[in-house]
Amino acid sequence: MKKEFSSKPDCITEQWPGMFELFSWKDIVTAIPSPMLVVTGWKSNGKENACLQSYASFVSDSGELVCILGWASKGGHMYRSIKETGCCVLNFPSSEIYDLCGRTIENNQFETDEITASGLTAEKSAVVNAPRITECFLNIECEFLWEQQNFKNSGNAVVGLKAVHFCMDSERYDQKALGRYGKTGYLFNLHAPANPDTGEVEQDLIGMIESIKRDSV
């Protein structure tokens, strides 16, 4: 049986003060997964910037691959780095290094080399002026295209990026080897799934894709 939701159920409450000012209750009730990645660039002081990010989607259009970052805080290092340099790198971790990528949330001071401080390795990109993370199995080098507010007076922006180069671990080419899916492939953010009947909230979860064969159409 489906239920209708136009307003927040009374049982859905903030897990910490200000949660629903930063995020939406609709997000944790719908619990729609989005890919996990680390956005990297250079801060204005020449230090590495690394931001563990989800709320991203990808569009293949007219021969181009475009990434849409749906949540870039205008007060954050990531947004300023992209606007100042006009580029960034999208780095995709597998489960083996997810904990290290999570450390970038804590190691986010302006004077910190955020990749190195988190136990990861920075390497030079092939095309854009932004560092890549060596340990990530896929690195997509991107140029800034455009930005747009999510809505009027939002403190966050939607950012459009064009992929201009990418580097991928060759062991991911074949799903019979490491592959791009399953326990060694792409990770997805499952943001605090909440039960709208009881208000019970699970901790943030990390999801993986299991590939299945479908019948020919």
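In the predicted model, helix H3 is followed by Gly 86, a residue whose phi is positive, near 75°. The helix itself spans residues 77-85, and its buried residues are His 77, Met 78, Tyr 79, Ser 81 and Ile 82.

The sheet of the model is open and consists of seven strands in the order E3-E2-E6-E9-E10-E5-E4, with antiparallel pairing. Strands E3 and E4 (56-61) occupy the edges; each has a single partner strand, so one side of each lacks a neighbour in the sheet. From one strand to the next, the twist averages 35°. Helix H3 packs on this sheet, where it touches E2, E3, E5 (64-73), E6 (87-92), E9 and E10. The direction of H3 makes about 135° with that of E5.

Although strand E3 (residues 48-53) stands at an edge of the sheet, five of its six residues are buried, and the strand is thus described as mostly covered. Its pairing with strand E2 (residues 37-42) is antiparallel and extends over six bridges. Within this pair, Thr 40 has Ala 50 of E3 as its bridge partner. Five residues lie between the two strands of the E2 and E3 hairpin, in which Gly 46 adopts a positive phi near 85°.

A further antiparallel pair is formed by strands E9 (residues 138-149) and E10 (residues 156-168), which are joined by 11 bridges. Here the bridge partner of Glu 141 is His 165 in E10. Both E9 and E10 are among the strands touched by H3.

Key
Residues are numbered from 1 along each chain as its sequence is written. This is a predicted model: local features need pLDDT of at least 70, side-chain atom pairs count only at pLDDT 80 or more; totals for chains, interfaces and linings use all residues. Side-chain values use heavy atoms; hydrogens and water are left out. Buried means under 20% relative accessible area, exposed over 50%, partly exposed in between (1.4 Å probe, protein chains only). Helices (H or I, at least four residues) and strands (E, at least two) are DSSP runs, numbered from the N terminus. Two strands pair if DSSP finds at least two bridges between them. Axes are lines fitted to C-alpha atoms, for helices over the stretch in contact, and angles run from 0 to 180 degrees between N-to-C directions. Contact means heavy atoms within 4.5 Å.
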